[in-house]
Each structure stands twice: as structure tokens, then as C-alpha cells.
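Trainee: Before we look at the model, may I ask you to justify the terms used for it, setting each value against its criterion?

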Amino acid sequence: METTPTEFEFNGANPQQMTDVRRSLPSLDRLIRHSGAKALITSHGRERVVVALRELLQEHRSVGASPSAVQDETLLDDCASRLVRQEALSLRQVLNLSGTVLHTNLGRASLPESAARAALIAMTGPTNLEFDLASGGRGERDNHVEALLCRLTGAEAATVVNNNAAAVLLALNTVAARREVVVSRGELVEIGGAFRVPDVMSRAGCRLREIGTTNRTHLRDFEAAVGARTAAFMKVHTSNYVIEGFTAEVPQRHLAKLAQHYGLPFLIDLGSGSLIDLEQFGLPPEPTVREAIDDGASAVTFSGDKLLGGPQCGIIVGSKELVGRMRANPLKRALRVNKIILAALEATLRLYLDPQRARREVPTLRLLTRPREDIRAQAERLLKMVSAAVGNVAEVSVIDCLSQIGSGSRPVDLLPSAGLALRPKGKSVSAARLARQFRALPLPVVGRVQKGLFLMDLRCLDDDAALVLQLQHLDLTCELT
Ligand SMILES: *Cc1c(COP(=O)(O)O)cnc(C)c1O
């Protein structure tokens, strides 16, 4: 049913506003009945059109303009753009041409298609999330991925939580609440500011026992730290930095032996980790989860949306006994994942049963392994169109550049890549301003500014058309300073 704006709609406004609003009512009425308002009402609903028009009229009056001085058509046009702006979602798709494949601020891994399909099914209808179809009784949500994870890693058991930080929190709280965890000083890492090993440790209720030195830690340091309050040894993969020079760390196999000797659990936080050997695809070596399990880790934690290329989650694999205790920890209930994530994770893991298939179908692996020649050919293809679009404000050229893996992967491991460099012409344009114009596109393009150039690394551009379609919306006519 259609409603006409009446007095009751202005309840709550102060008397001053009320008189103002009443004064605008005639024009509001006229605008709503205007033939140009019909289409707006059809696509946005009468209520929203009325609110938007009322806001517009009030804005005109607040700057001292009489609404009657403004053309009805102009007001309706402004109303249309306002409604479109308001309808744009805050969380939107962007083109990641930043050169960092697993960009945490851009949402890390993009899901494989099969995972996205599985997620869609899980989120649009009922599922057997915790329901055993054979018996008709209650099931366990971890069951959908546990067997796959065990097969891919060689572990006895597995569980999944919201992210790797949650996995570390749950593991530590389960094995070491009110007791000590022994960690090498060289591994007290901070990831992206919010995850710091010492802080997670204290929030998990454990006492950190730092041993060794920043550059060197020996097996005897671990041995000397063992006492009545020791609950576990922990190794943290120093994923986002390297310590070079006079260094020593204890091989995890030796640490596992020592832990076993004292009857202590040995935890490894791998951070990214990988389910398969990435060197076979020409990528920098990354420790695999299977190696950690083979070396004798009691539990290994890693992220679902880093090198694995799946949905955001934290995976814990390890001994039946330890994983069982983690599952029974009340914190697990607070940290567990939903059906959408589990569906996407199961489908992603399935691809890893055949590493070649994983390389083709997991976008993260496909993008990371794109050869430079392939990316350079793409840059050559796009050069003319981008040049034409930026016209006389920038000079465009094909360049060789280096991509980063991102998400706590070693910053020294860079991948040869290629892209387009936009060099501003003249003083009125800057690279930062070009970057802003590209971010303002309907499908925002995120590049990077480097040495006075605006760079678009094309490694993560799956589809030329996605960029080409945006070029027509570039607004480089307005002042660019
Ligand atoms: C990335 C990372 C984490 C945090 O993982 P999230 O999935 O971002 O919560 C923890 N530890 C290490 C070593 C990491 O690299």
C-alpha cells in the first residue's frame, strides 16, 4: 500500500525542524507526483524515495536556497544518484593489482569455484551439518573435513576453528592453562599487529617461558627450561621475517624427541603451511603440514586462507588424544566455524587429493604460479587500451616487477611478474591521485604507488575484460592535483 507523507512521519523532530519540513511539503508532494519519480519509486520503493527527496530539500534549504528555485528534474536526478550511492554495499568486490597475492586487507585467498558452489548450497538451505544421515542421530561438524585433513597430513585427528589465531589460542589453552610453554626467543613473532605470540599466550592463560637468544637457540636451552610447571614446547614458524648470519635453531624432529622424553606435547604454529610441496611448482619452499606431523609434532596449527587458498579458518591437526581435548574445551564452541566455511573448506581440501588439480583449480596456487611471460603478454595486450583511457594525464608502459606472496610469507621470496606503470604527465597530476581515481571506479582497482609511478601488477588479473570495462568510467577530466 502506498503511503503519503503526513505529519506523523515527522514525530521526533524538534519544532524548528517540523516547521521547516512542513514548509517543504508542497514541493515534496509535487516531486513525488512528478512523472520522473515513477521509475525511482519502482526501483527503490516509495518510502526510500520520499526520505531521499526530503533530505535533498532540507539540504537546499540549509544553505539558504529555496527549493522552488531548483528544477524538479535536477532534484529528481540528484535523488536518483543519492539512492544508487546509498544502495552500494560497503563490502564490495575489488581488483587486486597490488602485487600482493594473499593481501590480508583485501581478504586473502579467493575461493576455488567448487568451494564457492559448495558454500552457496550450504548457505541457502538446510544441511547435515551436525546430523548423521546413516543413524538419524546427532553428528559432529568436524566430521565433514576430518578424514580429508588426516589423509592430506598424516595426522590422526583434526578440528577447525575461526582462524589460525583462534587455533593457537585453543591449542594453548587446552594443553597449558596456568602452566608454562617453552618457546625460543627467535620465534616470538607478531603478525600484522594484532597477533603476537606473547599476547595470545597470556590470553590463553599460559605463561611464556622464553629461552635461548634472538639469533641462536639450542636443544640444551629447552632441556634446561623443563620443570614442574612446564606444559608444552612450542615452535612458531617465523613466516614474515628472516634471521640471517650467526644463527641456530633446533630442528623440529629433535625438539619432538625431547618433548616425548619428558612426556610433553609439542605444538607447532605453522602460520601458512602448505598441504603440498610448493617447490614442485617453482615456488619458494614452505614447510608442509605433513613434514611437521612426520617430525613428531603433537599438534600443528595453520590458516585456511593463506597458501591453502580456502576460506578463512584455523586448522588444527594432531594426535587423537590432544585434538579430542581441544574439541571438549568450552572455548571450541566459541571459536567454531559455520556451515558455509566447512562446506568451502571440504571442497577446497578435495582438490588437494590431486596436487596438479589443486594447482589448476585453487586460485591462490594458480596466481602464484603464473609465469612472468604470461603476465607480460597480458600487459602488452592491455597497454593500448589503458593508454587511451588515461589520455594525456599519464604515460603508460609495460614493466617487469616483483609480486609478493603476502599473508606472512617470507618477504624475501618475491615472484617475477609484470604490469603497467602510469607515469603522471605534468605537475597537475600525481601517482597518488591516479591511484585514488582507480580506487574510485565502480569496480575499484587497487594498485600501488612506487617511486612516483602508479603500478598495476597484473598477476592477479584473471580476466582482461574486468579491467577494460572499468576504463570507460575513469574520470580524469576533473582536476587531478
Ligand atoms: C598468519 C599467522 C597467524 C595468524 O593466522 P590467522 O589465520 O590470520 O588468524 C598465526 N601464526 C603465524 C605464524 C602466522 O603466520
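Mentor: Two strands are said to pair if DSSP finds at least two bridges between them, and we apply that here to a predicted model.

Trainee: What makes β8 and β9 a pair by that criterion?

Mentor: Strand β8 and strand β9 (residues 266-271) are joined over 4 bridges in the parallel sense, and because at least two are required, the term pair is justified. Within this region V236 stands opposite D269 in β9, and the chain passes from β8 through helix α10 (residues 252-261) to β9 in a right-handed β-α-β crossover. Strand β4 (residues 180-184) also pairs with β8 in the parallel sense, over 3 bridges, with V182 having F233 as its bridge partner in β8.

Trainee: Why is strand β8 described as largely enclosed by the rest of the structure?

Mentor: A residue is buried when its relative accessible area is under 20%; in β8 (residues 230-236), 7 of the 7 residues are buried, so the strand is largely enclosed by the rest of the structure.

Trainee: Why is E47 called partly exposed?

Mentor: The relative accessible area of E47 is 47%, and because partly exposed covers what lies between under 20% and over 50%, that is the term for this residue, which is placed in helix α3 (residues 46-62).

Trainee: Why is the pair of F438 and F454 called tilted?

Mentor: Centres must lie within 6.5 Å for rings to pair, with planes under 30 degrees apart counting as stacked and over 60 as edge-to-face. The count of aromatic pairs comes to 2. For F438 and F454 the centres are 5.0 Å apart and the planes stand at 35°, so the pair is tilted. F438 belongs to helix α18 (residues 431-439) and F454 to strand β16 (residues 453-457), so the pair ties together parts 16 residues apart in sequence; both F438 and F454 are buried.

Trainee: What makes β2 and β15 edge strands?

Mentor: The open sheet has 5 strands in the order β2-β12-β13-β16-β15, with mixed pairing. β2 (100-102) and β15 (448-450) each have a single partner strand, so one side of each is left without a neighbour in the sheet. β15 pairs with β16 in the antiparallel sense over 3 bridges, where V449 has F454 as its bridge partner in β16.

Trainee: How do you know that R216 sits over the ring of F246?

Mentor: The charged end of R216 is 3.7 Å from the centre of the F246 ring and sits over that ring, and the distance criterion is within 6 Å, alongside an angle within 35 degrees of the ring normal.

Methods:
Residues are numbered from 1 along each chain as its sequence is written. This is a predicted model: local features need pLDDT of at least 70, side-chain atom pairs count only at pLDDT 80 or more; totals for chains, interfaces and linings use all residues. Side-chain values use heavy atoms; hydrogens and water are left out. Helices (H or I, at least four residues) and strands (E, at least two) are DSSP runs, numbered from the N terminus. Buried means under 20% relative accessible area, exposed over 50%, partly exposed in between (1.4 Å probe, protein chains only). A crossover is right-handed if, with the strands pointing away from the viewer, the path from the first strand over the helix to the second runs clockwise. Rings of Phe, Tyr and Trp (its six-membered ring) pair if their centres lie within 6.5 Å; planes under 30 degrees apart count as stacked, over 60 as edge-to-face and the rest as tilted.
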